[in-house]
Amino acid sequence: MTIILTLIALFAILLIRVPVAFALGGLGLAMLMLGGFSPLMAPQAILSTLDGFILLAVPLFLLMSNVLLQAGVGKDLFAAVSAWVGHWPGGLAVATILSCGVFAAISGSSVATAATIGTVAIPEMINRGYNKRFVYGLLAAGGTLGILIPPSIPLIIYGFVTEESVISLFLAGIGPGIALLVLFIIFSMIYARFGGQTPEPKKSWNERWAATFKAFPAILLAVLIIAGIYGGAFTPTEAAAIGFSASLAITVPVLRLPATMLVADAVYYLVFGGQGPVIGYFIVPMLVFGLFRGFGGLTNRMNIRVTMPALDWNGIKRAAFESMATTVAVILIIAGAKVFGKAITLYRIPQDISVLISHNVDTQLGFVLVVSVVLLLMGLVFEALSMVLIMTPVLLPAAMALGIDPIWFGVYMVIMVECALITPPVGMNLYVIQSVAKTALGEVSKGVFPFILLMFFTAFLLYVWPDLALYIPFKM
């Protein structure tokens, strides 16, 4: 009965348009007071939330992605990928998905990925005769790769809530992320072939290398972050800090040299754990500087003109304000969810739900199906982060009671959350693409249906082959 009343109260508060953070925090505080618990538990829960070191990664990843977004790095990235695959069947669609995958490996944000690549790809694809609904659906779905391919902000939040290794979660997201990316590419190529799309003219080698060199810093940034985390040199928070500094080195001309050398020294320190020879702090930046000069000389000899993306002071301010607004929203939701989570734990709601599920669902398949339905229904009301924060404490105990690995469960939850990101009426990516394309929400919603089916297939593949997620973090 307590479970039902809690759900009714939560939905009632949300229906009167109370923001999610205040709905969760207010209901949690009310439950604490009605249950005879000290209301001081609420500020204590909030303080413990703000004290989490891992959460520093969230604003830093947001700063990095917004700096790159404001600098127009997506345009260079899309042009580089298009130069290599544009002549394939559905080449522009393939380039769009690959660009989303690369930017996802930099930003960790689905909204930033959809906005950055969508701004460039939507007009380009529509001008080349691609069906508008297909284009909108492709970009909305491609943006969801931003929260599956590491680094991923929802996986950071899941790791914070469950106290699981964020690095293991990141590594577990690589396999499913690549699988989903490949499925999107295959579908796009089949759609283009039967849809009568004419491939782009094949670019010359000089054009390919010119586009690649222009996008090379962004690609190198993605490699640096993933390699540093995978190799154990960086924690996710350190990777975010290095990524932000590197994004400034790429995009702000006046900071290019000092920021590049600072990043080089930071990487050197982290790789050697602060135990490397002191002279390395002078040699490594000089080597990096030499590589940049050599890179410039190489492009000159190849007669290739490379212009780096440039960000002015107004762009930096916009990136900072966008990151600040998003960070505050995220922190408020986390704080509210922490108070709500404390209250439902004291009311033993997660334990009751676990007992209820174990009495009625005695197989992993049955549980996964129930979770899928619950998350899809919640996706009609909640945005992605709220779903992770609300449902993880409730569902994880039942999942572990059935022998489901918590790392696998986190990746599975994120895939289902991806579906919520492109499911109306509150799918965030739908609104991003609607804003970028200046079209009706219904047009975007109709285009995402086949991609939702591909996400369901990826979730099914993950269930029948758990090593798709668990092989890299635990068996490599």
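## Exercises on a predicted model

At 35% relative accessibility, arginine 133 counts as partly exposed. The model is predicted, and the exercises below work through its side-chain pairs, a buried threonine, a loop valine and its confidence scores.

**Exercise 1. Find the salt-bridge partner of arginine 133, and state which helices the pair ties together.**

Solution.
- Step 1. The partner is glutamate 443; the two side chains meet in a salt bridge of 3.3 Å, N to O.
- Step 2. Glutamate 443 lies in helix H21 (residues 441-447), and arginine 133 lies in helix H8 (residues 132-143), so the pair ties together parts that are 310 residues apart in sequence.
- Step 3. Glutamate 443 has 25% relative accessibility and counts as partly exposed. Arginine 133, at 35%, is also partly exposed.

**Exercise 2. How many salt bridges are counted, and which residue does glutamate 124 pair with?**

Solution.
- Step 1. The count is 2 salt bridges.
- Step 2. Glutamate 124 pairs with arginine 128, at 2.9 Å from N to O.
- Step 3. Glutamate 124 is partly exposed, with a relative accessible area of 29%. Arginine 128 is partly exposed too, at 38%.

**Exercise 3. Classify the ring pair of phenylalanine 457 and phenylalanine 460.**

Solution.
- Step 1. A pair of aromatic rings is described by the distance of the centres and the angle of the planes.
- Step 2. For phenylalanine 457 and phenylalanine 460, the centres are 6.4 Å apart and the planes make an angle of 40 degrees.
- Step 3. Pairing needs centres within 6.5 Å; planes under 30 degrees apart are stacked and those over 60 are edge-to-face, so the remaining angles count as tilted. This pair is tilted.
- Step 4. Both residues lie in helix H22 (residues 449-464), 3 residues apart, about one turn of the helix.
- Step 5. Phenylalanine 457 is partly exposed at 40%. Phenylalanine 460 is partly exposed at 49%.

**Exercise 4. Place the other aromatic features: the total of pairs, the cluster that holds Phe451, and the charge over tryptophan 205.**

Solution.
- Step 1. The count comes to 13 aromatic pairs.
- Step 2. Phe451 joins Tyr130, Phe134, Phe184, Phe187 and Tyr191 in one aromatic cluster.
- Step 3. Over the ring of tryptophan 205 sits the charged end of arginine 208, 4.9 Å from the ring centre.

**Exercise 5. Is threonine 212 buried or exposed, and which side chain does it join in a polar contact?**

Solution.
- Step 1. Threonine 212 is located in helix H11 (residues 205-230).
- Step 2. Its relative accessibility is 16%. The cut-off is under 20%, so threonine 212 is buried.
- Step 3. Beyond its neighbours within four places in sequence, threonine 212 is in contact with Ala80 and Trp84.
- Step 4. The side chains of threonine 212 and tryptophan 84 share a polar contact of 2.6 Å.

**Exercise 6. Describe the surroundings of valine 361.**

Solution.
- Step 1. Valine 361 is in the loop between helix H16 (349-360) and helix H17 (364-378).
- Step 2. At 13% relative accessibility, valine 361 is buried.
- Step 3. Leaving out residues up to four places away in sequence, valine 361 touches Gly366, Phe367, Val370 and Leu402.
- Step 4. Leucine 402 is 41 residues from valine 361 along the chain, and their C-alpha atoms are separated by 9.4 Å.

**Exercise 7. Which element has the lowest mean pLDDT, and which has the highest?**

Solution.
- Step 1. The protein averages a pLDDT of 82, and 86% of the residues score at least 70.
- Step 2. Helix H14 (residues 280-301) has the lowest mean among the elements, 56; H22 has the highest, 93.
- Step 3. Where pLDDT is low, the predicted coordinates should not be read in detail.

Key
Residues numbered from 1 in each chain as written. Predicted model: local features only at pLDDT ≥ 70, side-chain atom pairs only at ≥ 80, totals over all residues. Heavy atoms only, no water. Phe/Tyr/Trp six-rings, centres within 6.5 Å; stacked < 30°, edge-to-face > 60°. Helix = DSSP H or I, 4+ residues; strand = E, 2+ residues; numbered from the N terminus. Buried < 20%, exposed > 50% of the residue type's maximum accessible area, 1.4 Å probe, protein only. Lys NZ or Arg CZ within 6 Å of the ring centre and 35° of its normal. pLDDT = per-residue confidence, 0-100. Polar contact = N/O pair within 3.5 Å; in protein donor to acceptor, adjacent residues only side chain to side chain. Contact = heavy atoms within 4.5 Å. Salt bridge = Lys/Arg side-chain N within 4 Å of Asp/Glu carboxyl O.
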